[in-house]
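Subject: Structure handover

Dear colleague,

I am passing on the structure we spoke of, and below it I have written out what was found about its disulfides. Please keep it open beside you while you read.

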Amino acid sequence: MRRTYQALTSLALLAGGALASAASAAPLLYEQPLSKKYHRLEVIVPVDFKATCTSKPLGARCVVSEYTPALLRLFQLGTREGVKIEASQARKEVSFIFDDPKVRLQDKLLDGPPRWVLEVGYDETLIQPIEDELPFRPYPMPVQTVRLPRPNMAIEPLTGEGEEVTTFNRCWALYNAKSYVDAYKECNKISTVADADRPTARAATRLIGEVFYTYLKQETSSNQDLLKHIGTLVLVRGEEVSFDGRPVKVGYTISGGAESATLSVTNANGVKIYQAQVPVGAAGKPLQVEWSGQDTSGSDLPPGVYGVQVTATPTAEETQVPKALTYLEGKVEGVRFDKGVPEFLVNGRRVRTGEVVIPGLDKVGAEENKGLFISDDPSTPLRDIAVARLKKAERAAASDREKARYVLLTADLLYSKSANEAVEYLRSSQARYRQTEAEPFLLAERARLLLDSSDYDEAKRVLEEIAKLDTQQEYVMGSRLLALASLAYAKGDFTNATALYDEARENFPELLLAEPGPLFQVAELYFRSRRLEEARPFYQEFLDRFKSQVPHWVARLRLAQINSFERPQEAFAEMQNLSETLSEPEGKQLAALYSLTLSTNSVRGVSPESIFKNVQGGNPSDYVLEELWMQQARHALQEDKLQEAFDLSQRIVEDYPDSALLRDASLFFQRLLLLESDHLLREGRNVDLVILYYKEKNRRFRLPACRALLHLYVARAMRDLKMLNEAATQVISKGGLPGVRDPNIEALLNLEFTGILREKVQDGDLSSEAPRDRAAEGDVAAEDVNRFKQAVESLEARFPKRFDTYDYWASLGFYQELQGQLRLAKDMYLYALNGPTMTPQERISLARAIFQVYLKMPDYDKALYALKVLLDIHDEYKRQLDMPYLRVNTLWKRVELQIERAAWVELIPAIQDYLDESQVVISSFRVGTPQTTTQEQREQSLFQSTIELERRQEALFYQGFAFLKLKDDRSAQRIWDLLYKESPNSVYGELAEYELFMLSWREQVKPEVFKVLEP
């Protein structure tokens, strides 16, 4: 009936993996979370302020040149818990006292505005040197091209007599008087078909081209004009309206001649429910009618979404059905300038200006009017007619330079229809003018159009082609230089852009100042390079010459920021004023945010939270959002709201991966990543940390600032999740160990690596790629064992006597077990068990390890004693351990070991102790409060109680067997009878029935016969 091999195997399985199950692995660098010890202070100081700080044990002492009220107020506020500040205004000293000897202070003076910045924390979070966390960011703008001056028009009044000369001169005069329609009528009287070489015919052909071009080239509303429409009710392209019970205004335009027009309204199912005739006006003129909200029968309709559409019937003269466009009423809430491109904000929706009809400004959103110049061909669009006329003008031109003019004008009209068509026309035209004075003009314009349409690669090739020309046209070379500079600016290559603009400034100053884009960009680049005295006049020139151009509000803000380098308080007042007086939402928002960087603790103003809320609710542009999120993240970290700070920083990382903030303030993002990783690990949110690693491993986890420590954290999280192979081969081996400079982190990484390999061996963890056959499993297991041994030997050689931690002693002890040095392994576990640094859970794991070693010796008496120690540790730290089933499982191990030893006397009380404890477990499950536990805890309790029910049957059987061995047949009979009645169909119930039968048989056999039968 003995189960020697089975019992010993069961004991080994129960004890195996004990080391791997410990919750604590290699120690973290610090007991306290890194975020609790980090703090950053910034205070505005005078321009000539000086500070000298020296470290001392548990603190630092700073001597300042001037003790301002702002400093006093700042230090009165104090910092985080664990940092005490003592300020002496008389001695001009500030002392910092820390409660942690590993905390230190670093400081730096920053400009723009002048600030004294102090950082307190552990070395790993300070990440030298101190950086400006709100660096200057050049305002994002698309490539700004320079439009070269066109070759001059070579047309003059004709001399001589005759009707054609008189007619042409009348045409010329009307053209100069901007009476383009009458000018066309006069020039068109001159025949340009027959005898085209006549001077009057050539002149008329060229002038007609000029008339068409000038008429069609309409200037769009200036940005300042657009801003004036904020708050105005406009009509916006659309065919779907939300009806709320009030009448709906519907606008429309009709192109071409229309006999009649009809307004139709459909419900959500597309069924037409209303139809009415509406007025027909001049072609392209915006009109407006009102729909009352009733159907055709006059019944009121319920609120909801309805479709509206206007259709037109052509007149008898029209060969095509006129196109009708429908507009719905909305209110302009703002003008958004996203990277220099204006958009209206109407009813919370961003719309292009070409989709809006503004009352009194019919050309916005209106169709092109071609009714004045249709004498050539009424069915041909006016732009096509103008292009044909300009091509005739090119052929009639006298010189290559003048011909270039008409090619450029033609391309200009083509570009308004199709960028590709215009670029291709310039390319094909270039072939006609190789090595002439026209070629540089055509190449320069082609490069400009390519840049405007964002075909940067092809544009660069054309610019390189220009560089090879031997041309005297200096503006062509200047435009090339400015195009390259602006291209570098748009791509964020600010160093190269600055060098190119410097060259343009020296060689082509007039061209640099000719247009707003390059002028603003060069000012931004000089500000970024801290060439403030050079940047200031360029901003001012931009405002003087282009005061309504995008982004004039940024130029005003920049002048205030430049002022802050020397007079921060004056700049603060100026920035607050701009936040109230600027009409552009983007300007107001930036001014409010910039004012926060200029405020000090001695100035009372609007709270940061209020400014953040107002900016967030103002539909900020991308440029503002980056500033907003950055400032919010810094403020949240200052307020000890780590999760909020990290989430905001992550939005910048994910939404703006090319942001200058990620490059120029990289330490801030690295620090937050480190603090968040530390926080997740300490909170036991291992899955969240691993997900963060996979999301960021090819970006910030590879940056050098915190690389080693971050990979240590991730390896720890994966280890807790039993992702041992990934932790060892991907995280530590490939991400953590190479290039580690900090000896403390290097040692911890090596210890972590060793612990992971130990757990792989103990758990039998195999790579998912390995074939699942026994030979392969054996090879992998042997390889893991060898790697573990090598790791231990390397750890001991490189970092001897460095650690006194659970993970270290667990690895050394297990190494000795693998070497067959069981007593040495036991001594190591015992040394660690009695050490002062072990946690209760680590003591439990070490006691299990000692028990396992005694089993291997085997020394069952000492193994039993190890179980007693295990129970004592549990009982002493029961609440801290929170291991509800450890005691009952340990008592069961003792039962199995006593069975293995055939120690029947000791087995009986051991079984009774187990039965009492198991009853507590079963009862606690039955009377527990499932509503207060998790589903996982309830399932674990159910599983454990099921096991205990099965174990109790086995325990009762062996209790009876022990009584039998001790000649107490009556007690054995009582126990087996109870077992049989409770579980007649179980294995041990059937064994009990058999033993009861044997007892009965023995009672019937004469004692002397039974003695003979006994062994």
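What follows is a short account of the disulfides and of the cysteines that form them.

This is a predicted model, in which local features need pLDDT of at least 70 and side-chain atom pairs count only at pLDDT 80 or more, while totals for chains, interfaces and linings use all residues. Residues are numbered from 1 along each chain as its sequence is written, and side-chain values use heavy atoms, with hydrogens and water left out.

A disulfide is a covalent bond between the sulfur atoms of two cysteines; here the term is applied to a pair of cysteine sulfur atoms within 2.5 Å. Searching the whole structure gives two disulfides, and their pattern is 1-2, 3-4 when bonded cysteines are counted along the chain.

One disulfide joins cysteine 53 to cysteine 62, with the sulfur atoms 2.1 Å apart. The torsion about their S-S bond is about 110°, so this disulfide is right-handed. Cysteine 53 is partly exposed, at a relative accessible area of 22%, whereas cysteine 62 is buried, at 0% (buried means under 20% relative accessible area, exposed over 50%, partly exposed in between, with a 1.4 Å probe and protein chains only).

The other disulfide is formed by cysteine 171 and cysteine 187, whose sulfur atoms are 1.9 Å apart. Its S-S torsion is about -105°, so the disulfide is left-handed. This pair links distant parts of the chain, 16 residues apart, with cysteine 171 in helix α5 (residues 163-176) and cysteine 187 in helix α6 (residues 180-187); helices are DSSP runs (H or I, at least four residues) numbered from the N terminus. Cysteine 171 is buried, with a relative accessible area of 0%, and cysteine 187 is buried with 0%.

Best wishes

Note on methods:
Helices (H or I, at least four residues) and strands (E, at least two) are DSSP runs, numbered from the N terminus.
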